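Please look over the model shown here. The report below takes up a serine contact, then the sheets, the aromatic rings and the cysteines.

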Amino acid sequence: MIRAILLVLSTTLVLAWGLPGEAQIPASRIGVTCALDGTLVLIDARSIRVTHRLSVCRNPGDLAVSPDGRMLLVAESSGAGLALVDLLSVRLQAPVRSDHLRDPRALTFSKDGSRLYLLNPRLQALLELHVPSFKTVRLMPLHLPGPQDLAVSPDGGRLFISHGEAGTVSVVDLASWQLLGQHRLADRIGGLDVTSDGTRVLVALPESQEVGIYDVQRFTPRDRVPVGQEPSVVRVGPDGRAVVINSINHDVSVFDPERPSGRFRIGVGVGPRGLTFSPDGRACFVANYDTGDVSVLDLKDGRQLGRLAVGKGPKALTWIP
């Protein structure tokens, strides 16, 4: 049984995790962007306390950490670049600027950390940047508006892009740098992710208040899972469970894509925007934009353990190994 002891001391949440006879969660960190403060907040993952607060850029948005845990990149929403943070020294480095980096979205590193992929809604394009020079290596026109989210298959071979306004998912083969197909699923879609075994893609369908599950090869529908109102973000955790942010309900839906009938919901703060997981998938952290805090969720027991105040407009999160 997972054991969580939640202590509220003034405005600080202290969370102790433990399993009898097993090691505790490593002393890692969680990165959170606070859009209205222009800051990046680092949280100690064991004590659930804010350890650092860095001014990074105006309106920071999506973020990505390198596989080795040494660098973190923050997208400057409505801007023209990326903020680069050295996680060893916890210092802001020189910003990454490029004409291709107007309003960057949905950052993700390749498995080996040598490439960075991101979306440019203004160009309606996918970009591949070299790491650590961050020079644009390749640019793929997608010819559809609203690219907003992306997910890489577990083997690192394919990339899936959600075009929210077009209701379409683009599929890209990264080795050949070819657009394999574009699949229209609805008038409007939300975020997406790939299951841990790489066989299915999960897509948020806001108009029907569902998550669609599709075969990864032909994109044929496999199942539809009822969730809440305005599902916006879908993420599959390390243990295979999916967590979906229901924006209007201010809660999340949790289910196993293999057995979605066992789904349940957990309340969070107001205006949930982004989420991330602990490495074992037992804990989930949700950024609540309107209440300025991060919800700490126990996915096994299906409850919110508490909320930690972080700043104004928390937007995106990532686990930092």
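A polar atom of the Ser-162 side chain lies 2.5 Å from the backbone oxygen of Gly-190. A polar contact here is a pair of N or O atoms within 3.5 Å; within protein, one must be able to donate a hydrogen and the other to accept it, and residues adjacent in sequence count only if both atoms are side-chain atoms. This is a predicted model: local features need pLDDT of at least 70, side-chain atom pairs count only at pLDDT 80 or more, and totals for chains, interfaces and linings use all residues. Residues are numbered from 1 along each chain as its sequence is written, and side-chain values use heavy atoms, with hydrogens and water left out.

Ser-162 sits in strand β16, residues 158-163. Strands (E, at least two residues) and helices (H or I, at least four) are DSSP runs, numbered from the N terminus. Is Ser-162 buried or exposed? Ser-162 is buried, at a relative accessible area of 0%. The term buried means under 20% relative accessible area, exposed means over 50%, and partly exposed lies in between (1.4 Å probe, protein chains only).

Residues up to four places away in sequence are not counted among the neighbours of Ser-162. Those it touches include Gly-146, Pro-147, Gln-148 and Asp-149. Thr-168, Ile-189, Gly-190, Gly-191 and Leu-192 touch Ser-162 as well. Contact means heavy atoms within 4.5 Å. Pro-231 is 69 residues from Ser-162 along the chain, and their C-alpha atoms are separated by 13 Å.

**Two sheets**

Strands of a sheet pair through backbone hydrogen bonds, either parallel or antiparallel. One open sheet has four strands in the order β19-β20-β21-β22, with antiparallel pairing. Its edge strands, β19 (192-194) and β22 (221-226), each pair on one side only. Neighbouring strands of this sheet are turned by 20 degrees against each other on average, direction ignored. Such angles run from 0 to 180 degrees between N-to-C directions, with axes as lines fitted to C-alpha atoms, for helices over the stretch in contact. Two strands count as paired if DSSP finds at least two bridges between them. β19 and β20 (residues 200-205) pair in the antiparallel sense over three bridges. Asp-193 stands opposite Leu-202 in β20.

Another open sheet also has four strands, in the order β27-β28-β29-β30, and its pairing is antiparallel. The edges are β27 (272-277) and β30 (303-309), each paired on one side only. Its twist averages 25 degrees from one strand to the next. Within it, β28 (residues 283-288) and β29 (residues 293-298) pair in the antiparallel sense over six bridges. Ala-287 has Val-294 in β29 as its bridge partner.

**Aromatic rings**

How many aromatic pairs does a search of the whole structure find? The search finds four. Rings of Phe, Tyr and Trp (its six-membered ring) pair if their centres lie within 6.5 Å; planes under 30 degrees apart count as stacked, over 60 as edge-to-face and the rest as tilted. Two of the pairs are tabulated.

| Pair | Centre distance | Plane angle | Class |
|---|---|---|---|
| Phe-160 and Phe-219 | 6.5 Å | 40 degrees | tilted |
| Tyr-214 and Phe-219 | 5.4 Å | 20 degrees | stacked |

Phe-160 is in strand β16, and Phe-219 is in the loop between β21 (210-215) and β22, so their pair ties together parts that are 59 residues apart in sequence. Ring pairs link Phe-160, Tyr-214 and Phe-219 into a cluster. Each ring residue of the cluster is buried: Phe-160 at 0% relative accessible area, Tyr-214 at 5% and Phe-219 at 6%.

**Cysteines**

A disulfide is a pair of cysteine sulfur atoms within 2.5 Å. A search of the whole structure finds zero disulfides. Why is Cys-34 not bonded to Cys-57? The sulfur of Cys-57 is the closest cysteine sulfur to that of Cys-34, but at 12 Å it is too far for a bond. Cys-34 is buried at 0% relative accessibility. Cys-284 is in no disulfide either; its nearest cysteine sulfur, that of Cys-34, is 17 Å away. Cys-284 is buried too, with a relative accessible area of 0%.

**A loop serine**

Ser-28 lies in the loop between β2 (12-18) and β3 (29-34). At 9% relative accessibility, Ser-28 counts as buried. Beyond its neighbours within four places in sequence, Ser-28 contacts Ile-43, Asp-44, Ala-45, Arg-46, Trp-319, Ile-320 and Pro-321.
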